[in-house]
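Me: Hi! Could you help me look over a chain-to-chain interface? I'll put the model up here.

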Amino acid sequence: MTDVLQLFVAGVSIGAIYAMAAIGFVLLWQTSNTINFAQGEFVVLPAFLMVLFWTVFRLPFAAALLATLVVSTLLLGLLVKAVLVERLLKMGVLPLVIATIGLSMLIRYSLQQFWTPLALPFPALFSRAPIRVGEVIFTREELMNVLFAALVIGALQLAIRRTKLGWAMQAVAQNRNLAAVLGINVSRLVGLTFMLNAALTAVAAILVAPVYLVKYDIGIGIGLKAFYAAIIGGFNQIRGALLGGLLVGLVETYSAAYISNQFRDAFALIMLIGVLLLKPEGLWGIKEEWM
Amino acid sequence: MPLLEIRQLSKHFFHLSALSHVSLSVEPGELLGLIGPNGSGKTTLFNCVTGVLRPSRGHVFYQGEDITKLTADAVYHRGISRTFQLIQLFPEMTVLENLLMAAQERTGTLFTRLLRRDETEETDRALKLVEYLGLSGVKDNLAANLSYGQQKLLDFGMALMPDPQVILLDEPMAGVNPTMIKALVTHIQDLNARGYTFVVIEHNMEVVMSLCRRIVVLSQGEKIAEGTPAEIHDNADVMDAYFGS
Amino acid sequence: MRGWRALGLLGGGAILLLFPLFLEQYKLYLASLTLVYLILAIGLNLTLGYAGQISLAHAGFMSFGSYAVAILGPLGVPFEGGIIVGTAIAFLWGLVLGFPALKVKHHYLAMVTLGFNIIVFLVLRNWESLTGGSFGISGIGRPHWGPLRFLSDRAYYYYILGWATLVVASAYWILHSRWGRAFRAIRENEMRAEVVGVSLRNYKLMAFAIGSAYAGIGGALFAPLLTYIDPGAFTLDRSIQFLMMVVMGGLGRFEGPFIGAVVVTLLPELLRASEGFYLIIFSLAVILMMLFMPKGLVAAWDWMVCRLTRRTVSPAHPPPPPEPAAVLEPE
């Protein structure tokens with residue numbers, strides 16, 4: 001029983017990170033119909049930046065964090081939007097899919113070639129000393145991951161519910177043409193969403209880096225899990241992506257512990273296929289009308 | 001028995017109601033007009049009948065069969081074809097290919113469509129239609145390169161190609177020059193006399209009043225009137241709907 | 001134009017038949033590999049280019065062919081038997097995978113197929129008794145018809161060429177039937193296609209399954225070319241490589257896969273760079289291509305053909321049809 005609880009916390013801790021990437025993914029889809037196949041690399045690049053600013057340039061932690069956030073929102077937010085999305089958006093879904101696949105390869109192999117093919121260590125942000133609650137043992141890291149993710153997601157959800165920006169995002173998600181008629185600057189909104197996504201993945205990067213180590217190819221796994229999370233939970237809802245992320249984290253942790261470590265990646269996939277067959281709009285999604 | 005019967009049909013988009021509890025029936029050989037101000041749900045009604053949209057509530061019957069839940073291709077196979085307000089063609093196919101495309105799925109099975117190469121019968125019919133519609137000169141042009149009026153005619157031709165029983169025309173005269181309108185009216189009357197059943201959405205009141213013997217009026221997703229052109233003309237509700245009270 | 005086409009076919013055929021006589025082993029291998037990729041690309045072009053369904057599982061389907069010949073060969077099954085079994089498995093799995101694909105929109109299809117490829121990879125790696133696990137299967141035999149053996153690299157090249165011709169011809173035959181027209185109709189205006197009676201379900205399933213079956217054939221020919229296969233040959237990366245091949249060539253164009261297969265196979269050889277650098281250049285090329293030549297290299301090919309045959313440039317591609325979305329909005 002203590003195992004189950006301990007694994008639960010571990011699963012939620014990693015799931016919360018997937019959820020952040022998944023939420024960004026969903027936001028991009030909603031406002032710009034972009035399926036970002038580079039979402040995993042959007043997590044990896046900030047992790048490398050953080051290593052650069054913190055351990056190479058030896059900036060203080062807060063400054064390094066800030067620099068990472070700023071640079072990634074500029075690069076992965078503004079630049080990607082201005083160069084790729086702006087032009088391809090009007091051509092439909094497929095060109096953007098291909099372009100983001102290209103982008104993911106470009107980031108991944110550039111990091112490998114020009115930086116390092118090896119895994120970089122990343123200092124632990126929080127102590128890994130065990131915390132005992134009754135008979136269950138957690139680490140501070142796990143708890144802080146959950147806490148941080150909850151804070152970020154909570155703030156985001158609040159912003160989307162309460163601010164004009166959030167209202168505009170919802171309007172665009174429901175009907176682009178109508179939103180344009182309502183006087184929403186769709187292009188600027190898409191840019192903002194890309195920046196928001198980049199900030200989200202940067203936070204996810206900093207939380208995930210101590211767990212996974214920083215290596216050029218870890219983005220493949222993270223990106224995939226963000227996809228799974230978004231689809232399992234529901235593509236058109238932030239809460240869906242949150243639920244999906246947690247579920248993927250939990251399924252992965254439990255199946256690795258109790259069933260088969262070799263097939264750990266398969267169980268989230270089987271869940272994904274089950275959801276697609278039985279409830280294609282996702283567990284917590286809304287059926288989309290063809291309109 | 002009516003050929004096409006719509007019972008209590010409703011369609012919601014999110015919280016917006018585009019159609020609510022619309023009922024109407026079309027008799028065999030009829031030429032029914034469907035009018036109403038912009039946004040009154042006429043095209044949505046066509047979309048629900050032809051399987052392009054799934055109605056939120058209500059039923060559509062065709063020759064007594066409930067076709068509400070059929071997909072668009074299955075509805076087409078039953079013998080209901082349509083045109084579109086915003087023309088829908090296959091832009092990189094020629095006029096002739098567009099017409100052949102409109103007919104090819106009406107006969108045979110999936111596998112005979114792969115194996116049987118002969119298309120003389122269909123081509124003959126397409127050529128006759130091209131001539132009938134006055135498109136002979138452009139029959140090998142890509143649909144995208146036609147003028148607006150020609151595209152409109154091709155759309156109409158595609159609706160006729162499978163030899164359907166019911167043809168739903170969505171604003172066939174919109175944006176078409178007066179000569180072409182005359183031609184189209186003649187075509188419709190001619191075909192109606194030959195036994196084709198039509199439902200026509202049209203904004204040109206003059207045309208509707210002269211073309212149709214019965215008219216249904218929609219406003220804000222509801223049916224507000226039904227009757228002969230004369231009755232509709234004198235109906236106060238209809239005037240309200242169009243010009244506001 | 002007809003004369004030109006016949007001349008091109010004859011010339012191309014003569015080159016394909018004769019030039020391997022003068023190639024050394026490695027170049028012969030590259031030529032054979034290009035033909036195998038051509039078969040795979042034709043399959044994906046049918047699925048994605050003509051019927052508009054994205055598949056990221058092409059390497060997975062390919063593996064069915066490869067493992068079928070590798071496993072059945074030692075059991076005494078003739079090589080062609082292995083090809084048929086592998087192709088049939090790929091076709092059937094194509095149908096199975098096509099079904100959820102019908103219920104979901106294209107962006108989900110990318111995920112489903114992507115997931116399928118990963119599952120196939122995991123199964124290949126972990127089902128050791130059948131597939132040899134991560135060690136793979138080596139010593140895969142090449143076909144022979146009685147005394148006629150395709151053992152040498154050159155002979156096997158001709159064997160592959162035979163299959164490639166068969167695949168090209170059958171794809172041509174399919175695409176010039178009513179099916180081909182229905183595929184084009186779906187791609188040009190899906191909603192309108194459905195309203196002229198095209199069963200999206202049937203055609204999309206068929207396009208998916210046939211595309212997968214071609215992948216099975218390509219896979220079956222691929223295994224004896226290398227004589228060794230392991231799960232690492234059938235990863236998602238390879239699926240993406242096929243996707244790029246088709247996109248680079250030109251989606252939904254018959255010439256597309258030819259151009260794509262040649263470019264993607266030969267580019268790394270020409271660049272002579274390390275794999276990492278090649279991948280960087282390749283991914284940059286893909287992005288630039290999407291931005292500036294979204295119709296693929298076939299657009300350049302068209303221009304060349306026009307020049308050569310001194311024909312006036314055919315009318316520029318017409319503007320896309322109005323989005324179906326606009327029609328379906330409540331008035």
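Me: How much area do chain C and chain B bury between them?

Reply: Happy to help! Keep in mind that this is a predicted model. Chain C and chain B bury about 3,900 Å² between them, and 59% of that is on carbon and sulfur atoms.

Me: Nice. How many residues of each chain are in contact?

Reply: On chain C there are 34, and they are in contact with 47 residues of chain B.

Me: And how many salt bridges are there between chain C and chain B?

Reply: The count is five. One pairing of side chains to look up is R184(C) with E97(B), which meet in a salt bridge at 3.3 Å, N to O.

Me: Which element gives the most to the side of chain C that touches chain B?

Reply: That would be α8(C), with seven residues. The elements giving two or more residues to that side of chain C also include α7 (153-175) and α10 (200-226).

Me: What kinds of residues make up that side of chain C?

Reply: They divide into 20 nonpolar, seven polar and seven charged.

Me: How many residue pairs are in polar contact across the interface?

Reply: There are 18 such pairs between chain C and chain B, with both residues at pLDDT 80 or more.

Me: Switching topic: where in chain B is confidence lowest, and where is it highest?

Reply: The low end is helix α10 (residues 236-243) of chain B, at a mean of 75, while strand β8 (residues 197-201) of chain B is highest at 93. For chain B as a whole, the mean pLDDT is 87, and 98% of its residues reach 70 or more.

Key. Residues numbered from 1 in each chain as written. Chains lettered and ligands numbered in written order. Heavy atoms only, no water. Contact = heavy atoms within 4.5 Å. Buried area = accessible area lost by both parts, 1.4 Å probe. Salt bridge = Lys/Arg side-chain N within 4 Å of Asp/Glu carboxyl O. Polar contact = N/O pair within 3.5 Å; in protein donor to acceptor, adjacent residues only side chain to side chain. Helix = DSSP H or I, 4+ residues; strand = E, 2+ residues; numbered from the N terminus. Nonpolar A, V, L, I, M, F, W, Y, C, P; charged D, E, K, R; others polar. pLDDT = per-residue confidence, 0-100.
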